[in-house]
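I opened the notebook with a fresh page and a cup of coffee. These are my entries, in the order I looked things up.

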Amino acid sequence: MPDEWIKRLQAGDVAEHELDGYAGTILTRPHLYTFNSTLEEVLCYLDGYFDRMTHDERAGSEMAQRQYWDFLRWLRDRLPGPLDSHQDLVRSLRGRFPEDSAALAYLAEEYRAYCSSLGDEGPSAP
């Protein structure tokens with residue numbers, strides 16, 4: 001990922017149209033949705049949000065939830081090491097990125113790449 005993109009994500013200088021879906025918004029602006037914007041806090045927020053969709057009957061909820069969990073599986077194939085849990089995912093990201101903001105910027109970029117790989121299916125809005 002280009003350093004310029006990471007700097008823009010960390011500075012919050014990314015237009016909404018440059019990202020896909022709700023998860024992308026959370027990953028680029030975690031301070032608007034969480035207290036401390038730590039990696040663990042943001043992942044827990046996203047998990048809770050998408051897990052709640054199990055009981056949500058809004059149009060697109062099931063697809064948005066499936067796409068989020070599919071993104072996590074997709075991401076695990078792209079990171080080194082066994083990633084059987086969120087703790088493993090956090091450890092892997094912290095091994096690569098000493099600061100949470102850089103790890104979140106990386107996740108935002110990976111989420112964008114994942115959404116691009118979906119083609120016309122795109123990310124679903126809940």
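**Entry 1: aromatic cluster**

Which residues form one aromatic cluster? I found Tyr22, Tyr33, Tyr45, Tyr49, Phe50, Tyr68 and Trp69 in it. I note here that the model is a predicted one.

**Entry 2: aromatic pairs**

I then asked for the aromatic pairs, and the count came to twelve. I picked out Phe50 and Tyr68, a stacked pair with 4.5 Å from centre to centre and 10° between the planes. This pair joins distant parts of the chain: Phe50 belongs to helix H3 (residues 39-52) and Tyr68 to helix H4 (residues 61-78), 18 residues apart. Are these two rings buried or exposed? Phe50 has a relative accessibility of 3%, so I list Phe50 as buried. Tyr68 has a relative accessible area of 1% and is therefore buried as well.

I also looked up Phe97 and Tyr106, an aromatic pair that is tilted, with 5.1 Å between centres and 35° between planes. Phe97 is at 13% relative accessibility, so Phe97 goes down as buried. Tyr106 is buried too, because its relative accessibility is 8%.

While I was at Tyr106, I checked for a charge over the ring. The charged end of Arg96 sits there, 4.8 Å from the ring centre of Tyr106.

**Entry 3: the whole chain**

I stepped back to the secondary structure. I got six helices and zero strands, and the pattern along the sequence reads α-α-α-α-α-α. The chain has 126 residues, and buried residues make up 43% of them.

**Entry 4: cavities**

Next came the empty space. Rolling a probe the size of a water molecule over the atoms shows where such space is left. I found two cavities of 30 Å³ or more. I took the second largest cavity, which has a volume of about 30 Å³. Which residues line the second largest cavity? My list reads Leu27, Leu43, Leu46, Tyr68, Phe71, Leu72 and Leu107. H3 and H4 are the elements that give two or more residues to this lining, and H4 gives the most, with three residues. By residue class, the lining of the second largest cavity splits into seven nonpolar, no polar and no charged. Tyr68 turns up again here: I had met Tyr68 in the stacked pair with Phe50, and Tyr68 is also one of the lining residues.

**Entry 5: helix H6**

I gave helix H6 (residues 100-117) an entry of its own. H6 has 18 residues and reaches 25 Å from its first C-alpha to its last, close to the 26 Å expected at 1.5 Å a residue. Which residues of H6 are buried? The list holds Asp100, Ala102, Ala103, Leu104, Ala105, Tyr106, Leu107, Ala108, Glu110, Tyr111, Tyr114 and Cys115. I marked Leu107 twice, as Leu107 is in that buried list and also lines the second largest cavity. After H6 comes Gly119, with a positive phi near 65°.

**Entry 6: a positive phi at Ser37**

A general reminder to myself: most residues other than glycine have a negative phi. Ser37 is not a glycine, yet has a positive phi of about 60°. Where is Ser37? I located Ser37 in the loop between helix H2 (21-28) and H3. The cut-off for buried is under 20% relative accessible area. Ser37 comes to 16%, so Ser37 counts as buried.

**Entry 7: contacts across the sequence**

Last, I went through some C-alpha distances.

- Gln67 lies in helix H4 and is buried, with a relative accessible area of 2%. The C-alpha atoms of Gln67 and Tyr114 are 9.3 Å apart, with their places 47 residues apart along the chain. Tyr114 is among the buried residues of H6.
- Gly21 lies in helix H2 and, at 29% relative accessibility, is partly exposed. Gly21 and Tyr111 are 90 residues apart along the chain, and their C-alpha atoms are separated by 9.0 Å. Tyr111 is also among the buried residues of H6.
- Glu41 lies in helix H3 and has a relative accessible area of 22%, so I list Glu41 as partly exposed. Glu41 and Pro30 are eleven residues apart in sequence and 9.0 Å apart in space, C-alpha to C-alpha.

Methods:
Residues numbered from 1 in each chain as written. Predicted model: local features only at pLDDT ≥ 70, side-chain atom pairs only at ≥ 80, totals over all residues. Heavy atoms only, no water. Phe/Tyr/Trp six-rings, centres within 6.5 Å; stacked < 30°, edge-to-face > 60°. Helix = DSSP H or I, 4+ residues; strand = E, 2+ residues; numbered from the N terminus. Buried < 20%, exposed > 50% of the residue type's maximum accessible area, 1.4 Å probe, protein only. Lys NZ or Arg CZ within 6 Å of the ring centre and 35° of its normal. 1 Å grid on protein atoms, 1.4 Å probe; cavity = no way out; pocket = protein on both sides within 12 Å on 5 of 7 lines; lining within 4 Å. Points joined across faces, edges and corners; volume = space filled by probe spheres on them. Nonpolar A, V, L, I, M, F, W, Y, C, P; charged D, E, K, R; others polar. Expected span 1.5 Å × (residues − 1).
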